[in-house]
Amino acid sequence: MRVLVTGANGFLGNYLIQELIKRKHEVIATGKGNCRIKANDTFVYEEMDFTVVQSVKNVFSTYKPDVVVHAGAMSKPDECEDNRELAFNVNTQGTINLLEAAKAINSFFIFISTDFVFDGLKGMYKEDDIPAPVNYYGQTKLLAEEKVKEYAGEWSIVRTVLVYGRPQSGRENLLSLVKTKNENGEVFKIFTDQLRTPTYVKDLALAIVSIIDKKAIGIFHISGADQLSPYEMVIRMAEMFGLNKELILPITKDDLKEKALRPPLTGFDISKAKAVLNYSPISFNEGLRKTFEIKNEN
Ligand SMILES: NC(=O)c1ccc[n+]([C@@H]2O[C@H](COP(=O)([O-])OP(=O)(O)OC[C@H]3O[C@@H](n4cnc5c(N)ncnc54)[C@H](OP(=O)(O)O)[C@@H]3O)[C@@H](O)[C@H]2O)c1
C-alpha cells in the first residue's frame, strides 16, 4: 500500500518508516525541512509543512496515498503551553488540513495521539474512558481526535504513552539524556509522582503497521505493559548499566513546577490491542537493553 507519513523526521517517524519499508509498503515520508531519516533510500521524501494548506494539497494530489499516518506534532507540553496559538495551528488545524486532503481521495487516516488527553486521576486507561486533558498540549490533541472522529472515511486513533528507545536524528530523549549526564557526573532530578506505561518505540511502530495491514479502525491504546514512574525508569536503567544512582534525585511536582501540568497517573490497559492486533510489547527491561545496544537493529 502507498503510505504517507507526517512527522517522518521525528522519533516515531524514523522507526515507522523503517518498519513500513521492511513490510514492502510504498512509503511517502514527509517532514519539515530536509530529510533526516535514517533508513535505506527505498522511500520518497517530500518536504511538507502540514500547516500550509497548499503544500498538503500538492503532496496529496501527487501521491494519492491509500493510508495517512499523522505522526507529526508539536509534542512538548511546555512548548505548547508557552506558544498556544502555534500549538493549536500545528496540532489541531494541521490535522484538519490533512483530513481535508485525505477526504478527497478517501485515504485510511491514522492519527497518533497521547495519554495526555486524560486527566491522570485514574490510570490504566481504556479506549472508552472519558478524556479530560489538564494541559494545552492534551487539549490540542483531543480537539484533533474529535475532528478525526468526524472524518467520513476510515480512521484510527492510536494513543500512546512516554515513548522511549534509541534516539534517532541525533536528538536525545529522557533515557539517553540521563545516561549521558550521569556518565558526565551531572545530577538529574526526576519525578516520582507520575505513573506511566512507557512504550518502546519499535513496538509502537509495529502496532501502527499492524493497524494498516489489518485495516483496524477505531481507537487503540498502545503502550508497554509495565507501570513505572520516570524515576523508576531511570533507576532501572542505572542498575542495568552501572550508573551512579546518587546523581539521580527523586522529586515531585511540589519541588519543580513545570509550565504545563502533567496528568499524574496515566498508563494504558492494552487488552484491546492484544486481542485485535496481536500486539505484544516487550518488557521495560528488554526495551532498555535494545535502547542501548551498540549495533543498529535495522
Ligand atoms: N514521544 C512521546 O513520548 C509521545 C507520547 C505520546 C504521544 N506522542 C505522539 O506521538 C507522535 C510522534 O511523537 P514523536 O515522539 O515522534 O515526536 P517528535 O520527535 O517531536 O516528532 C514530531 C515531528 O513532527 C514534525 N512537525 C512539527 N510540526 C510540523 C509541521 N507543521 N509540519 C510538518 N512536520 C511537523 C517535527 O518536525 P521537526 O523535526 O522539524 O521539529 C518532528 O519531526 C506525536 O503525535 C506525539 O504527539 C508522543
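## Exercises: Asn-135, the ligand shell and salt bridges

The side chain of Asn-135 reaches the backbone oxygen of Leu-261 at 2.7 Å. This is a predicted model: local features need pLDDT of at least 70, side-chain atom pairs count only at pLDDT 80 or more, and totals for chains, interfaces and linings use all residues. Residues are numbered from 1 along each chain as its sequence is written, and side-chain values use heavy atoms, with hydrogens and water left out.

### Exercise 1

Place Asn-135 in the fold, and list its contacts and polar partners.

**Solution.**

Step 1. Locate the residue. Asn-135 sits in the loop between β5 (108-114) and α5 (136-149). Helices (H or I, at least four residues) and strands (E, at least two) are DSSP runs, numbered from the N terminus.

Step 2. Is Asn-135 buried or exposed? Its relative accessible area is 2%, so Asn-135 is buried. Buried means under 20% relative accessible area, exposed over 50%, partly exposed in between (1.4 Å probe, protein chains only).

Step 3. List the contacts (heavy atoms within 4.5 Å). Neighbours within four places in sequence are set aside; Asn-135 then touches Pro-77, Glu-81, Phe-116, Ala-260, Leu-261 and Pro-263.

Step 4. Look for polar contacts. Such a contact is a pair of N or O atoms within 3.5 Å; within protein, one must be able to donate a hydrogen and the other to accept it, and residues adjacent in sequence count only if both atoms are side-chain atoms. The Asn-135 side chain meets the backbone oxygen of Leu-261 at 2.7 Å. It also reaches the backbone nitrogen of Tyr-137, at 3.4 Å.

### Exercise 2

Describe the shell around the ligand.

**Solution.**

Step 1. Take the residues near the ligand (one heavy atom within 4 Å of it). There are 25 in the shell, and the closest are Ser-75, Tyr-137, Lys-141, Val-163 and Arg-171.

Step 2. Sort by class. The shell has 11 nonpolar, 9 polar and 5 charged residues. Ala, Val, Leu, Ile, Met, Phe, Trp, Tyr, Cys and Pro count as nonpolar, Asp, Glu, Lys and Arg as charged, and the others, Gly among them, as polar.

Step 3. Which element gives the most to the shell? β5 does, with 3 residues.

Step 4. Find atoms close to ligand oxygens. A polar side-chain atom of Arg-36 lies 3.0 Å from one ligand oxygen atom. Backbone N or O atoms of Ala-73 and Ile-112 lie 3.2 Å and 3.4 Å from an oxygen atom of the ligand.

Step 5. Assess the cover. On its own, the ligand has 900 Å² of accessible area, and the protein covers 86% of this. Areas come from the Shrake-Rupley method with a 1.4 Å probe; for residues, only the protein chains shown count as cover.

### Exercise 3

Count the salt bridges and examine two pairs.

**Solution.**

Step 1. Apply the criterion: a side-chain nitrogen of Lys or Arg within 4 Å of a carboxyl oxygen of Asp or Glu. The whole structure holds 17 salt bridges.

Step 2. Take Asp-82 and Lys-259. Their closest N and O atoms are 3.0 Å apart. Asp-82 belongs to helix α3 (residues 77-82) and Lys-259 to the loop between β11 (248-251) and α9 (271-277), so the pair ties together parts 177 residues apart in sequence. Asp-82 is partly exposed at 47%; Lys-259 is exposed at 57% relative accessibility.

Step 3. Take Glu-145 and Arg-159. This salt bridge has its closest N and O atoms 2.8 Å apart. Glu-145 lies in helix α5 and Arg-159 in strand β6 (residues 155-160), so the pair ties together parts 14 residues apart in sequence. Both residues, Glu-145 and Arg-159, are buried.
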